[in-house]
Amino acid sequence: MIESIKSIQLDIMLIISGLCLATAVFMTFSKTLDKERKVFLVLSNIFAVLLLVFDRYAYIYRGDISETGFWMVRISNFVVFIMTLMIDWSFNHYVIDIIMDETDVKKVPFRLKMIDYLITIGIVLVIISQFTGLYYTFDETNHYQRAPGFLIGAIIPVIVLLTQLTVAVQYRKRIGSGVLISLILFTTLPIVATLIQLKFYGLSLINISTSLMTSLLYLFVLNDMNQTVERARNIEVTFLKQERERISRLFAQTAEALASAIDAKDKYTKGHSSRVAEYSRKIAEMAGKEPQECEEIYYAALLHDVGKIGVPRSILNKAGKLSDEEFQAIKEHPSVGEQILSSISESPYLSLGAKSHHERYDGHGYPEGLKGDDIPEYARIIAVADAYDAMTSNRSYRDTIPQQLVREEFVKGLGTQFDPKFGEIMLHLIDVDTEYQMKEKEDVKELAGKNKLSCEEYRSSVSEGIIITNEITRIELVNTPDRNYSSESSLPSIVLFDSLDARIHDKEKDIERLLYFEYGEIRFDGNIVRKGARKMQINVEKNGSDESSKKNTKYTVEAVKVKDHVLIRIISESETYEITVALPDSTRWVYIGLTGEHCEISDVSISREEESVPDNYIKRIAEEISYIAVPQGDCPNIQADGFRTATTDGILLEDKLTVTFHTMSLPTARLVWHCPYFIIFYSGNGKVNGPDFREYGLIRLDGENWASDDYATNKTIVNKTTEFINWDTWKENNKAGFDVSASFERSGNNVTLVTKNKGIEITNITKIADKPEKIYIALTGDQSALTNIRIKK
C-alpha cells in the first residue's frame with residue numbers, strides 16, 4: 001500500500017496544489033470574510049501551493065546529477081522546510097484572529113505569541129542547515145539524506161501544532177463548532193502524518209495533509225459563516241415575529257381601550273362593542289372566511305361605534321324618545337367614525353365597518369342608502385351582530401328581548417334589514433345557543449348584577465334565573481338573618497319557573513307575553529309549595545349539627561333535570577333536604593330564582609359539572625309524559641324536546657328514497673321552527689355525530705335550511721300553494737298533527753329533497769363538495785314528536 005501511495009503522490013500533490021490555488025483565488029474575491037482573517041487564509045493557501053510545487057520538484061529532480069538538478073533539489077527542499085513553517089505562522093495568526101473576535105479575550109494568549117518566536121527560530125535553523133547539513137545532506141547521486149538534526153526540524157512544527165491545539169481546546173466553548181473542528185483537524189492530522197512519515201521514508205504525508213487541511217479550512221469557514229448567518233436570520237425572524245406580536249397586542253389593547261371609552265359614554269351599552277366584535281367573528285368564521293379576514297372583521301366591529309365620540313352624552317343617555325334633531329345627531333356617528341378611522345391607512349377595513357354598519361340590505365339605511373352587495377361585506381356582517389346585541393341587551397326603556405322573539409325579528413329582516421346569508425348564520429347561532437348565552441351578561445349574573453341579595457318581604461328581591469340542565473348545577477351561598485326577626489322566619493327560598501327571558505314575573509301582561517310558568521317554591525327549612533308541577537316530594541336527612549344559634553349559615557344547593565323530573569338538594573351542616581319535582585312534561589325549561597324573607601344572601605357562586613347524569617339518576621315520582629307512546633314504524637319514534645335533542649339513526653340513500661311519518665308539535669311549541677328537520681350527512685357508523693361526521697344540510701319543514709360551507713351548498717325553493725293560509729294556521733296544523741311525505745333522490749354528489757306540507761312546497765338541492773362513500777338521511781326537530789316513521793326505497 002505504501003508503494004502504491006508513493007507511485008501516485010506526485011499526482012496527488014499536483015491536484016491538491018491546484019485546489020489550494022483555486023481556494024486562494026476564491027477567497028481573494030470573497031466579500032463575506034473578515035478582511036484580516038481572509039489575508040491569513042489566502043497566505044496559507046499560497047504557502048501550501050509553494051510547498052507542494054517545490055516538494056514535487058524535489059522528487060522530480062532527485063538523482064539528477066546535472067547542474068539544474070543539483071540546484072533544483074537544494075532549492076526545492078529549502079522552500080519545503082520554509083513553507084511548512086510559513087503555513088504554521090499564517091495558521092497561527094488565523095487562530096489569533098478567531099480567539100480575539102469570537103471570545104472575550106482582550107490580549108493575545110501568551111502561547112500563541114511564543115509560537116511566532118518558535119517559528120522564527122525554526123526558519124533560522126533551516127537557513128543554518130543549508131550550510132551545516134543540520135537537517136539533511138545530499139549524496140554524490142544528488143539524493144536527499146536525513147541528517148542527525150532532522151528531528152529538530154520535524155519537532156518544531158509538531159510543538160507549534162500541539163500548542164495551537166491546547167488553545168483551541170481551552171476556548172472550545174466560546175467558538176463555533178465548525179471552526180473548532182477545523183482547528184482540531186488542522187493540528188492533529190499533520191502530527192499523525194509526521195509520526196507515519198518518520199517510519200516510512202520517501203513519503204510526503206506531512207506536506208500533503210497540511211496542504212489539504214489548509215484548503216479545507218475555507219470550507220469550514222464557509223460552513224461556520226452559514227451557521228452564523230442562519231442564527232442571525234433566526235434571531236431576526238424571532239425578533240420580527242415578537243415585534244409583530246407586540247404591535248398586534250398594542251393594536252388590540254388600543255382598540256379595546258378605545259371601544260371601552262366609547263361604550264362608557266352610554267351607560268346602557270357597556271360591553272356592546274366587544275360583544276358585537278365576538279358575534280361578528282363567529283358569523284365570519286361560519287361564513288368560511290379566512291382567519292385573517294375574521295381578525296379584521298373582529299377589529300372593525302370592535303370600533304364600529306367610534307363615531308359616538310362626537311355625540312353628546314346627554315343624547316346617548318336620554319331615557320325618553322329622541323327628538324328629530326337628536327336622532328339626526330345619532331345618525332351622524334357613522335360618518336364621524338369613518339373620518340376618524342380613515343386616517344389609519346394600513347387598516348382601511350376599519351373605516352368601512354364604522355361608516356356602513358347602519359346600512360340596510362334593502363337600501364333604506366344610512367348614511368348613504370347603499371343596497372345589497374354595494375354595502376361592504378364587513379359592514380353587512382357587523383350590521384347583523386350589532387342588531388342582535390341591541391335586542392339582547394338591556395336598555396333604558398326595556399329589558400333583554402327573549403331569544404325566540406329575537407329570532408322572529410331576524411326571520412322578518414332577512415333580505416330587508418339584513419343580508420340573507422349572514423342573517424341565516426345568525427339564526428343558526430341562535431338555534432344552537434340553547435341556553436341563551438349569547439346576550440349581555442350582568443356584572444354578577446348569580447344575583448342579577450348585585451353583590452348581595454337583600455330580601456325584606458318574601459320575594460321582594462329575586463335573582464336572575466339559573467338554568468337547570470342534565471348536568472348537576474351547584475350553588476354555594478351564605479344566609480344572614482335579619483337581626484329583628486327570628487332565624488326560623490329569616491330564610492332563603494327557591495322559586496322554580498320557566499319564562500322566555502329567564503326572569504320571574506308577576507304582571508299578567510308579562511306572564512302572557514313571556515310565557516311565564518311557575519312550578520313551585522322551596523323554603524330552606526323544607527317547606528314546599530306546589531304550583532304548576534305535577535308532584536313535589538321531599539326527603540329530610542339530619543346531618544347532626546345544630547345551626548340555629550349561628551349568625552351566618554352556609555348552604556349548598558345541587559340541582560339537576562332529567563327529562564320531566566328535577567332533583568333539588570339543599571345541604572347545610574344540620575340537614576339535607578332532597579326535593580323531587582315532576583314537571584308537566586319534559587319539554588319545558590327550568591330556572592331557579594333565589595329569593596328569601598327577612599335575610600341577606602351573599603357569597604353566591606355557581607358551578608356546573610361537565611358530565612351529564614344518567615337517565616335513571618332521579619327516582620320517578622310520577623309517570624313519564626310521552627307523546628310518542630304509539631306503535632312505531634320502520635324505526636323508533638322520536639320526541640325532540642328541544643333543538644335536535646333526539647335524532648333517528650341514519651337512513652342510507654343509495655338512489656331514491658321516500659320517508660313518511662306523522663308529526664305533531666309539543667304542547668309548549670309556539671314558534672314556526674318548532675317542527676321536524678331533515679339532516680343530510682355522512683358518518684362512519686351511519687349515526688348523527690358518529691365518527692368522521694359531516695353534515696351537508698339541515699332542512700326544516702317550514703323551508704329554512706342550514707349547510708356547512710366546508711362540505712356542501714344548499715339551494716332551497718319554497719312555494720306557498722293556495723292551501724297555505726298563514727303561519728299561525730300552519731302552526732295550529734302542526735299542533736294538531738299531520739302526515740308528512742318526503743322524497744330524496746341522489747345523483748352523484750347531489751341530493752334533491754321534495755316535500756309538500758299544509759301549503760308549503762319545498763325543493764332543496766344539496767351539492768356536496770367532497771365525495772362521501774355513503775350519504776345518510778336522518779330525522780330530528782325542535783319540540784316535535786315524530787311517529788310511525790316509514791321508509792320506502
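Is C635 buried or exposed? In this predicted model, C635 is buried, with a relative accessible area of 12%. The cysteines were examined for cross-links, and zero disulfides are found in a search of the whole structure. C635 accordingly takes part in no disulfide, and the nearest cysteine sulfur, that of C675, is 18 Å away. C599 is likewise in no disulfide, although the sulfur of C455, which is the nearest cysteine sulfur, is 4.6 Å away. Because a disulfide requires two cysteine sulfur atoms within 2.5 Å, neither of these separations meets the cut-off. C599 is also buried, at a relative accessible area of 4%.

Charged side chains were considered next. The whole structure contains 39 salt bridges. In one of them, R380 pairs with D419, and the closest N and O atoms are 2.7 Å apart. R380 belongs to helix α14 (residues 377–391), whereas D419 is located in the loop between α15 (403–413) and α16 (420–432), so this salt bridge ties together parts that are 39 residues apart in sequence. Both partners are buried: R380 has a relative accessibility of 11%, and D419 has one of 7%.

A second salt bridge connects E558 and R569, with 3.4 Å between the closest N and O atoms. E558 is in strand β10 (residues 553–562) and R569 in strand β11 (residues 565–571), eleven residues apart. The relative accessible area of E558 is 15%, and this residue counts as buried.

A third salt bridge is formed by the side chains of D634 and R790, at an N to O distance of 3.8 Å. The pair links distant parts of the chain, since D634 is placed in the loop between β14 (599–608) and β15 (638–640) and R790 in strand β26 (residues 784–792), 156 residues apart. Here both side chains belong to partly exposed residues, with a relative accessibility of 44% for D634 and a relative accessible area of 39% for R790. Elsewhere, R407, D431, R700, D702 and E704 are joined into one network by salt bridges that share partners.

The strands were then analysed by sheet. An open sheet of seven strands follows the order β3-β14-β5-β10-β11-β12-β9, and its pairing is antiparallel. The edges are occupied by β3 (453–455) and β9 (535–542); each has a single partner strand, so one side of each is left without a neighbour in the sheet. With direction ignored, neighbouring strands of this sheet are turned against each other by 20 degrees on average. Within the sheet, strand β5 (residues 473–481) runs antiparallel to β14 and is joined to it by eight bridges. N479 stands opposite I601 of β14 in this pairing.

Another open sheet comprises five strands in the order β4-β13-β6-β7-β8, again with antiparallel pairing. At its edges stand β4 (466–467) and β8 (528–530), each with a single partner strand, so one side of each has no neighbour in the sheet. Strand β6 (residues 492–498) and strand β13 (residues 591–596) run antiparallel and are joined by six bridges. The bridge partner of V495 in β13 is G593.

Strand β18 (residues 676–682) is described separately. Seven of its seven residues are buried, so β18 is largely enclosed by the rest of the structure. In a regular strand the side chains alternate between the two faces of the sheet. Both faces of β18 are covered, with P676, F678, I680 and Y682 buried on one side and Y677, I679 and F681 buried on the other. β18 pairs with strand β25 (residues 776–781) in the antiparallel sense over six bridges, and F681 stands opposite Y776 in β25. Six bridges also join β18 to strand β19 (residues 694–700), and these two strands run antiparallel. In this second pairing, I680 is opposite G697 of β19.

Helix packing was examined for α4 (residues 110–132) and α5 (residues 150–170), the axes of which come within 10 Å and cross at roughly 170 degrees. Because angles over 145 degrees count as roughly antiparallel, α4 is roughly antiparallel to α5. On the α4 side, the contact involves R111, L112, I115, L118, I119, G122 and L125. These residues meet I152, I156, I159, V160, T163, Q164, T166, V167 and Q170 in α5.

Definitions and conventions: Residues numbered from 1 in each chain as written. Predicted model: local features only at pLDDT ≥ 70, side-chain atom pairs only at ≥ 80, totals over all residues. Heavy atoms only, no water. Salt bridge = Lys/Arg side-chain N within 4 Å of Asp/Glu carboxyl O. Helix = DSSP H or I, 4+ residues; strand = E, 2+ residues; numbered from the N terminus. Buried < 20%, exposed > 50% of the residue type's maximum accessible area, 1.4 Å probe, protein only. Pairing = 2+ DSSP bridges. Axes fitted to C-alpha atoms, helices over the stretch in contact; angles between N-to-C directions. Parallel < 35°, antiparallel > 145°, perpendicular 65-115°, else oblique. Contact = heavy atoms within 4.5 Å.
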